[in-house]
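The exercises that follow ask you to read a fold step by step, with the sequence and the structure side by side. Try each task before turning to its solution.

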Amino acid sequence: MTMPNRSTPGIERNAAPYLHGTEYAALAAVLAAGAQPRFLDVDPTTLCVTGEHVRTALTPATRAVMPVLYGGRPVDLTALRAEFADRGIVVVEDAAHAFGSVTLDGTPVGATGNLTCFSLGPIKNLTCGQGGLIVPRDAEEAERARSLRGLGIVETSAIRAAATSYTVAAAGWREQMSALNAAIGRAQLSGFGVVAARRQQLWRAYRTALSTVKGVRVVDVDVDHAVPAEPHSPHRFEGRGMRSEAGRRAVGRVTSHRLRRRLIPATARSGAAHRSS
Ligand SMILES: Cc1ncc(COP(=O)(O)O)c(C=O)c1O
């Protein structure tokens, strides 16, 4: 039996420029699948790939395309769907930031027909404390994901509880979410509309406050369609202007706004974060 490869030898966290803005986890997933990652340029105004970036980068060896929905912004690759199908290319969306976001035609991220992965980490749009969600494309993929997260065991725990043996179809991992984490997520879900609206409100407030500050570029997350993730990050105010007096004052204006109790000063890099509680 071949064990899934979980190691990522020789790769440093900041080895690739794009990783400064996003997460090594996306790269780790590619390596864990035994695939060879290839990095693409992104649109500097959104920090996301476009269809054109992807189209020009495809090679005969391409098997999957993994757009990072940076800051929660949906990435629309539907124009390439036919080409992907012809070439046997799968789209795996890194939607870690994008729970609650919708595409231009109003389709929720996760319902677009792609294999989509959300993070439910502590500072994500919807949190369970820790964990994530995979939206598979069909029942077979769902079964495989369930089996892989449970050591490769085929039967559900309910079936196993009533049996004396079980089947291991392939090597897997111990990655089930605990019931405690799931309970947190369910409670969070019931208030998600309020959280989503607040995140959008905060994003707009930061954008307005920073619009006149020299040397600051507000990343465009398409706030009308996105629930901005990690309000300190989709607001990734690029540029040294954030460390200027004017940058600090602008963030201070938002944090002294009536939303004050929801906001806390945070890192030097991003200038501000807000409490998720
Ligand atoms: C873009 C991106 N992808 C993947 C992940 C990994 O998510 P998790 O920590 O839930 O595994 C993160 C986490 O911050 C992320 O920002």
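## Exercise 1: the sheet

Alanine 64 has valine 90, in β2, as its bridge partner. Starting from this pair in the predicted model, work out the order of the strands in the open sheet and the sense in which they pair.

**Solution.**
Step 1. The bridge between alanine 64 and valine 90 belongs to the pairing of β1 with strand β2 (residues 90-94), which is parallel and runs over 2 bridges.

Step 2. Moving on from β2, one finds that β2 and β3 also pair in the parallel sense, here over 3 bridges, and that glutamate 93 stands opposite threonine 116 in β3.

Step 3. Threonine 116 in turn stands opposite valine 135 in β4, and this pairing of β3 with β4 is antiparallel, with 4 bridges.

Step 4. Put together, the 4 strands form an open sheet in the order β1-β2-β3-β4, and the pairing is mixed. Because β1 (64-65) and β4 (132-135) each have a single partner strand, they stand at the edges, and one side of each is left without a neighbour in the sheet.

## Exercise 2: the core and the burial of elements

Determine which elements give two or more residues to the largest nonpolar core, and set the burial of β3 beside that of α6.

**Solution.**
Step 1. The chain has 277 residues, of which 29% are buried, and it holds 8 helices and 8 strands.

Step 2. The largest nonpolar core has 39 residues, and those that touch the most other members are Cys48, Leu69, Ala95, Ala98 and Leu210. Two or more residues come from each of β3 (115-119), α7 (192-210) and α8 (245-255), and α7 gives the most, with 5 residues.

Step 3. In β3, 4 of the 5 residues are buried, so this strand is largely enclosed by the rest of the structure.

Step 4. Helix α6, by contrast, is hardly covered, since the count of buried residues among its 12 residues is 0. The helix covers residues 179-190 and reaches 17 Å from its first C-alpha to its last, which is close to the 16 Å expected at 1.5 Å a residue.

## Exercise 3: positive phi values

Locate leucine 151 and aspartate 222, and decide whether each counts as buried, exposed or partly exposed.

**Solution.**
Step 1. As background, most residues other than glycine have a negative phi. Leucine 151 has a positive phi, near 65 degrees, and aspartate 222 likewise has a positive phi, near 55 degrees.

Step 2. Leucine 151 is placed in the loop between α4 (139-149) and α5 (157-161), while aspartate 222 is found in the loop between β5 (217-218) and β6 (237-238).

Step 3. A residue is buried at 20 or more neighbouring C-beta atoms within 10 Å and exposed at 12 or fewer. Leucine 151 counts as partly exposed because it has 15 C-beta neighbours inside 10 Å, and aspartate 222, with 18 such neighbours, therefore also counts as partly exposed.

## Exercise 4: helix residues and distant parts of the chain

For alanine 145 and arginine 87, relate separation along the chain to separation in space.

**Solution.**
Step 1. Alanine 145 lies in helix α4 and counts as partly exposed because it has 16 C-beta neighbours inside 10 Å. Once its neighbours within four places in sequence are left aside, alanine 145 is in contact with Ile134 and Pro136.

Step 2. Glycine 172 is 27 residues from alanine 145 along the chain, and their C-alpha atoms are separated by 9.3 Å.

Step 3. Arginine 87 lies in helix α3 (residues 81-87) and, having 13 C-beta neighbours inside 10 Å, is therefore partly exposed. Arginine 87 is 28 residues from threonine 59 in sequence, with 9.7 Å between the two C-alpha atoms.

Step 4. For the chain as a whole, among contacts between residues at least 6 apart in sequence, 58% join residues at least 24 apart.

## Exercise 5: the ligand shell

Establish how many residues surround the ligand and how they divide into nonpolar, polar and charged.

**Solution.**
Step 1. The ligand is surrounded by 11 residues, the closest being Glu23, Ala25, Ala96, Ser119 and Gly121.

Step 2. Sorted by character, the shell divides into 4 nonpolar, 5 polar and 2 charged residues.

Technical notes. Residues are numbered from 1 along each chain as its sequence is written. This is a predicted model: local features need pLDDT of at least 70, side-chain atom pairs count only at pLDDT 80 or more; totals for chains, interfaces and linings use all residues. A residue is near a molecule or strand if its C-beta atom, placed from the backbone, lies within 6 Å of it. Ala, Val, Leu, Ile, Met, Phe, Trp, Tyr, Cys and Pro count as nonpolar, Asp, Glu, Lys and Arg as charged, and the others, Gly among them, as polar. The expected span of a helix is 1.5 Å times one less than its number of residues. Two residues are in contact if their C-beta atoms, placed from the backbone, lie within 7 Å. Two strands pair if DSSP finds at least two bridges between them. A nonpolar core is a set of buried Ala, Val, Leu, Ile, Met, Phe, Trp, Tyr and Cys residues joined through C-beta atoms within 7 Å.
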